[in-house]
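Subject: Structure handover

Hello,

Here is the structure I promised to pass on. Please open it first, then read the notes underneath.

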Amino acid sequence: MPRRSANINVMVRAAEKAGRGLIRDFGEVDQLQVSRKGPGDFVSAADLKAEQTVKEELKKGRPEFGFLMEESGRTEGSDKSHTWIVDPLDGTTNFLHGLPHFCVSIALAKDKEVIAGVIFDPVKDEVFWAERGIGAFVNSRRLRVSGRRRLEDSIIATGAPFNLHDESIAERFIEQLRPIMQQTSGIRRYGSAALDLAYVAAGRYDGFWENGLNQWDVAAGLLLVREAGGFVTDLHGSRYELGADSILATNEGLHDKLSQILVRK
Ligand code: IPD
Ligand code: CA
Ligand code: CA
């Protein structure tokens, strides 16, 4: 494993500290399931606390960088070109229901390009990290996207939209599902887009797509996939840029096939 840069060290420290807090809170969530109100408010507080922890740690390491954070939005730094893009708890619905699959996601963007990314899964104790031009790793092991080239051998992950007021969003998704179900070995919907991307980088999933994600969901994960030798585009196959409305991450052999299936819808 190459030596982790100072930026990666700062990011890992922040993600681990916030992740340890989340694990402590996750232990309480189960007991709150039975209460009439449920654990909703408790989970919102855990989410905010994790964001605060990440912010403090990153600020300690790099006081001049700005922030784009899910809960507190954008904060300008004195260095205008570097921004931390943070989702302090990705997989909130899992967390809320006591399902042990969630993470802390931290990316560093220079202008509009992600140059470093860390995704920490505190339940499985996996630190996924990547740095532009250096590679992608889980803990100390180098990552590589899967080599599968045939759709029928592939597992494809996605995220299903929820709480929809707009019928066309549901329809688009259902239309995308049909051919993927028919032509692949299966679909997974684990509930954390950041971990979905990390798993593509690790070759655990052969591909992932989702419509309507935010920058903080994907910023760290997209660098992991690219540094693991994969492609990250919009559904049309154009290079994914932060802020795009849809994302497709997969390997070279499956990319065109998946893009053709998904974009027709
Ligand atoms: C969500 C998760 C989920 C995806 C949603 C995201 P959150 O993020 O990444 O997998 O399907 O679109 O909003 O709310 O858990 O941070
Ligand atoms: Ca998220
Ligand atoms: Ca979140």
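The notes below go through the domains, the cores, the metal site, one buried aspartate and the salt bridges.

Please keep in mind that this is a predicted model.

**Domains**

Start with the overall division. The domain assignment gives two parts: domain 1 covers 6-142 and domain 2 covers 151-263. Their centres, taken over C-alpha atoms, are 21 Å apart. Domain 1 brings 37 residues to the contact, and domain 2 brings 23 residues.

**Nonpolar cores**

The largest nonpolar core is made of 41 residues. Which residues have the most contacts inside it? They are Ile-119, Phe-128, Leu-143 and Leu-224. Several elements give two or more residues to this core. Among them are strands S4 (103-110), S5 (113-121) and S6 (126-131). Helix H5 and helix H6 (215-227) are also on that list, as is strand S13 (246-250). Where does this core lie with respect to the domains? Domain 1 and domain 2 both give residues to it, so the core lies between them.

Leu-224 is a good residue to click on. Leaving aside neighbours within four places in sequence, its contacts include Ile-119, Phe-128 and Leu-143. Trp-129, Phe-137, Ala-198 and Ala-201 are also among the residues that Leu-224 touches.

A further core, of 33 residues, lies apart from this one. Ile-8, Ala-46, Phe-65 and Val-104 are among its members.

**Metal site**

Now to the calcium ion (ligand 2). Which residues coordinate it? Asp-87, Asp-90 and Asp-217 do, each through OD, at 2.1 to 2.2 Å. In sequence, these donor residues follow the spacing D-x2-D-x126-D. Asp-87 has a second role to note: it bridges the calcium ion (ligand 2) and the calcium ion (ligand 3). The two ions lie 3.7 Å apart. Asp-87 and Asp-90 are both buried.

**Asp-206**

Next, look at the loop between helix H5 (193-201) and strand S11 (207-211), where Asp-206 sits. Is Asp-206 buried or exposed? Its relative accessibility is 2%, so Asp-206 counts as buried. The cut-off for buried is under 20%. The side chain of Asp-206 makes a polar contact of 2.9 Å with the side chain of Arg-148. Beyond neighbours within four places in sequence, Asp-206 also contacts Ser-146, Asp-153 and Ser-154, among others. Thr-250, Asn-251 and Leu-254 are also on its contact list.

**Salt bridges**

How many salt bridges does the structure hold? There are 14. Three pairs are worth a look.

- Lys-37 and Asp-41 meet through their side chains at 2.7 Å, N to O. Lys-37 is exposed, at 68% relative accessible area. Asp-41 also counts as exposed, at 51%.
- Lys-80 pairs with Glu-76, with 3.1 Å between the closest N and O atoms. Both of these residues are exposed.
- Arg-239 pairs with Glu-241, with the closest N and O atoms 3.8 Å apart. Arg-239 is partly exposed, at 43% relative accessible area. Glu-241 is partly exposed too, at 41%.

The last pair belongs to a network of salt bridges that links Glu-113, Arg-132, Arg-239 and Glu-241.

Best wishes

Methods:
Residues numbered from 1 in each chain as written. Chains lettered and ligands numbered in written order. Predicted model: local features only at pLDDT ≥ 70, side-chain atom pairs only at ≥ 80, totals over all residues. Heavy atoms only, no water. Helix = DSSP H or I, 4+ residues; strand = E, 2+ residues; numbered from the N terminus. Buried < 20%, exposed > 50% of the residue type's maximum accessible area, 1.4 Å probe, protein only. Polar contact = N/O pair within 3.5 Å; in protein donor to acceptor, adjacent residues only side chain to side chain. Contact = heavy atoms within 4.5 Å. Donors = N, O, S within 2.8 Å, 3.2 Å for Na, K, Ca; no water. Core = buried A, V, L, I, M, F, W, Y, C linked by side-chain atoms within 4.5 Å. Domains from an automatic or database assignment. Salt bridge = Lys/Arg side-chain N within 4 Å of Asp/Glu carboxyl O.
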